[in-house]
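Me: I've got a model open and would like to go through its strands, its pocket and a loop residue with you. Can we take it piece by piece?

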Amino acid sequence: MQHDPIIVTVNDQSLTRGQAQQIARQTLVRQGVPPQMVESYLQQIGPQLEQQTVEQFIDQTLMRAEAERRNEPISDAEIDGALAWIAKGLPQGATLEQVLAAQGVTMDMLRKDVIANERVRKLYEAESGGNEAISDEQVSSFYKENIKQFTIPETAESRHVLIGCDAEADAAKRENAKARAEEVRKELAAGADFAEVAKAKSTCPSRQEGGSLGDVERGQMVPEFEKAVFSQNIGEIGPVVETQFGYHVIQVTGRKPGSITPEAEVKDQIREHMIENLKHERFGKFIRGLRAKATITHGDPTGGIIIP
């Protein structure tokens, strides 16, 4: 039987490498990684994910132990409310009992988990609370220091036909590609259907969308292309543009100016954000205190690999 090494022990609770890898897989799936690519991602960023899992295991183990020690009472109403919230997130037509049965979980087991989680929630509320008054001056300072977060960038909507040409191609090949692009431009300027021409002649994947690139923010395109889409008149067939990808014939179909969301519209969200940050800082200090008093051992006393 293959040994599954322990990678961390918190007081009397241990996490094995196999358990950490399974948690990492579940994390990747929740983050939207396609199931067929999970193992590939694990090979690339497995050590980082494992370290994150170890840190989360330490914190969660200490939180649950402290919450259990305090043994805060949890009312039936609180339990029912949590169960209702869980049921609300189930697929349409599925009942909580059906989902639990499929997972081999009983309602009693779920209620125990709910009680444990509610006690952790109350622990967070108790240890993160304090004076949460955030002044208007603090809100204004945050707004000014983080103005980029409230800036809506300028965008341009365009479509193009690309006559692809490798940047390392010789002069003859590049001249040939440019000449073909000039012919496409003449065709479009004479009234040819842009989408049809793009589908037939463009080498960009956007040809499947009639050459459309949709709305693109300033700063997301190569400089030569960006200069064209933010300077050409809307609707005109612009001159051939050379980039590292080849030669483009561009038509700008729309532009939206950039703007900054006024402070008055976001001050409440900023205040809430700052209050939550204060709570997280307080609770983080509390967790560090729990860590300092705990016995945390990295590595497997039976010969597992030690995490630095």
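Reply: Sure, and bear in mind that this is a predicted model. Let's begin with a strand pair: 10 bridges join strand 4 (residues 155-164) to strand 7 (residues 246-256), and the two run antiparallel.

Me: Which residue of strand 7 is the bridge partner of Leu162?

Reply: Leu162 falls in strand 4, which covers residues 155-164. Its partner across in strand 7 is His248.

Me: What is the strand order in the open sheet of four strands?

Reply: The pairing in this open sheet is antiparallel. Strand 5 (212-217) and strand 6 (241-243) each pair on one side only, so they are the edge strands by the pairing criterion of at least two bridges. With the other two in place, the order is 5-4-7-6.

Me: Which strands does helix 7 touch, and what angle does its direction make with that of strand 7?

Reply: Helix 7 (residues 171-189) packs on the sheet. The strands it touches are strand 4, strand 6 and strand 7, and the angle with strand 7 is about 40°.

Me: Is strand 1 largely enclosed or exposed?

Reply: Buried here means under 20% relative accessible area. Four of the five residues of strand 1 (residues 6-10) are buried, so the rest of the structure leaves this strand largely enclosed.

Me: Which strands pair with strand 1?

Reply: Four bridges join strand 1 to strand 2 in an antiparallel arrangement, with Ile6 partnered by Thr16. There is also an antiparallel pairing over three bridges with residues 296-298, where Val10 has Ile296 as its partner. That makes the partners strand 2 and strand 9.

Me: Which element gives the most residues to the lining of the largest pocket?

Reply: The largest pocket has a volume of about 680 Å³. Of the 21 residues lining it, those closest to the centre include Gln60, Arg64 and Asp113. Strand 2 (13-16), helix 2 (38-70) and helix 5 (107-128) each give two or more residues to the lining. The top contributor, with eight residues, is helix 2.

Me: How does that lining split by class?

Reply: The classes to count are nonpolar, polar and charged. For the largest pocket, the split is eight nonpolar, seven polar and six charged residues.

Me: Last one: is Gly104 buried or exposed?

Reply: Gly104 sits in the loop between helix 4 (96-103) and helix 5. Its relative accessible area is 56%, and the cut-off for exposed is over 50%. So Gly104 is exposed.

Terms used: Residues are numbered from 1 along each chain as its sequence is written. This is a predicted model: local features need pLDDT of at least 70, side-chain atom pairs count only at pLDDT 80 or more; totals for chains, interfaces and linings use all residues. Side-chain values use heavy atoms; hydrogens and water are left out. Contact means heavy atoms within 4.5 Å. Axes are lines fitted to C-alpha atoms, for helices over the stretch in contact, and angles run from 0 to 180 degrees between N-to-C directions. On a 1 Å grid over the protein atoms alone, a cavity is a set of points where a 1.4 Å probe fits but cannot get out, and a pocket is an open set with protein on both sides within 12 Å along at least five of seven lines; lining residues have an atom within 4 Å of a point. Grid points are joined across faces, edges and corners, and a volume is the space filled by probe spheres set on the points. Ala, Val, Leu, Ile, Met, Phe, Trp, Tyr, Cys and Pro count as nonpolar, Asp, Glu, Lys and Arg as charged, and the others, Gly among them, as polar. Buried means under 20% relative accessible area, exposed over 50%, partly exposed in between (1.4 Å probe, protein chains only).
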